[in-house]
Amino acid sequence: MLHIVFVEPEIPPNTGNIARTCAATNTKLHLVKPLGFSIDDKALKRAGLDYWEFVDIEIHESLEDFMKKYGENGTDPKRLFLATTKGGHFYTDFQYKDDDMFLFGRETKGLPKDFIAEHSETAIRIPMSADTRLRSFNLSNSANIILFEALRQLGFPDLL
């Protein structure tokens, strides 16, 4: 199982969209608080349609709490890949493994700069135009691009 981690997401439809993807691909979804919306938000539910009952979801109180569990010194350490426009590696530069986690930051600010610096060896990015007026791709689209590369590398396990 792969893991998508949204750190402090702000826009309900992005989280609803990726929840639907996670349900359809047997991917675990992690949401790190504070959230910019309520889990009961109508837009969130609408974007996820009727897939919510199929989503394996874990909520974390903070990035610090998440790292205490899944960071390299955590109780259940995993390989973490930070998706950021400041990543030094293309997302296609790595060979992904089962149980890898892909972290995405807020729509407006991304992941904290110091956090990215601490994990620069696994900070990945999706190539895009050099035009500086274009800041980034949509959050749920970015998560889908990276998730499906990992699933492709793993042979689309348990998917038809």
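**Exercise 1: The sheet**

Strands β4 and β6 run parallel as a pair, joined by four bridges; find the bridge partner of leucine 80 in β6, then work out the order of the strands in the sheet.

*Solution.* Before starting, a word on what you're looking at: this is a predicted model, where local features need pLDDT of at least 70 and side-chain atom pairs count only at pLDDT 80 or more, while totals for chains, interfaces and linings use all residues. Residues are numbered from 1 along each chain as its sequence is written, and side-chain values use heavy atoms, with hydrogens and water left out.

Step 1. Get the terms straight. Strands (E, at least two residues) and helices (H or I, at least four) are DSSP runs, numbered from the N terminus. Two strands pair if DSSP finds at least two bridges between them.

Step 2. Go to leucine 80 and look across to β6: the bridge partner there is methionine 101.

Step 3. Now walk across the open sheet of seven strands, which pair in parallel in the order β3-β2-β1-β6-β4-β7-β5. The walk starts and ends at the edge strands β3 and β5, each of which pairs on one side only.

**Exercise 2: Strand β2**

Is strand β2 mostly covered or mostly open, and which strand pairs with it over five bridges?

*Solution.* Step 1. Set the scale: buried is under 20% relative accessible area, exposed is over 50%, and partly exposed is in between (1.4 Å probe, protein chains only).

Step 2. Check residues 28–32: five of the five residues in β2 are buried. That holds for both faces, with Lys28, His30 and Val32 on one side and Leu29 and Leu31 on the other.

Step 3. Look for the five bridges: they join β2 in parallel to β1 (residues 3–7). In this pairing, valine 7 stands opposite valine 32.

**Exercise 3: Rings**

Describe how the rings of phenylalanine 81 and tyrosine 96 meet.

*Solution.* Step 1. What do you need to know? A pair of aromatic rings is described by the distance of the centres and the angle of the planes.

Step 2. Take the rule: rings of Phe, Tyr and Trp (its six-membered ring) pair if their centres lie within 6.5 Å, and planes under 30 degrees apart are stacked, over 60 edge-to-face, the rest tilted. The rule yields seven aromatic pairs.

Step 3. For phenylalanine 81 and tyrosine 96, the centres are 5.0 Å apart and the planes stand at 85°, so this pair is edge-to-face. Phenylalanine 81 sits in β4 (residues 80–83) and tyrosine 96 in the loop between β5 (89–90) and β6 (101–104), so the pair ties together parts that are 15 residues apart in sequence.

Step 4. Add the surroundings. Phenylalanine 81 is buried at 1% relative accessibility, and tyrosine 96 is buried at 2%. Ring pairs also link Phe81, Phe94, Tyr96 and Phe102 into a cluster.

**Exercise 4: Charges**

How many salt bridges are there, and which parts of the chain does the one between glutamate 8 and arginine 106 tie together?

*Solution.* Step 1. Apply the rule: a salt bridge is a side-chain nitrogen of Lys or Arg within 4 Å of a carboxyl oxygen of Asp or Glu. That gives nine of them.

Step 2. In the bridge between glutamate 8 and arginine 106, the closest N and O atoms are 3.2 Å apart. Glutamate 8 is in the loop between β1 and α1 (12–25) and arginine 106 in the loop between β6 and α4, so parts 98 residues apart in sequence are tied together.

Step 3. How open are the two? Glutamate 8 is partly exposed at 22%, and arginine 106 is partly exposed at 27%.

**Exercise 5: Aspartate 99**

Which residues does aspartate 99 contact, leaving aside neighbours within four places in sequence?

*Solution.* Step 1. Contact means heavy atoms within 4.5 Å. With that cut-off, aspartate 99 touches Met1, Leu2, His3 and Lys78, not counting those neighbours.

Step 2. Look again at lysine 78: aspartate 99 forms a salt bridge with it, the closest N and O atoms being 2.7 Å apart. Aspartate 99 lies in the loop between β5 and β6 and lysine 78 in the loop between α3 and β4, so the bridge ties together parts that are 21 residues apart in sequence.

Step 3. Compare the cover: aspartate 99 is partly exposed at 28% relative accessibility, whereas lysine 78 is buried at 16%.
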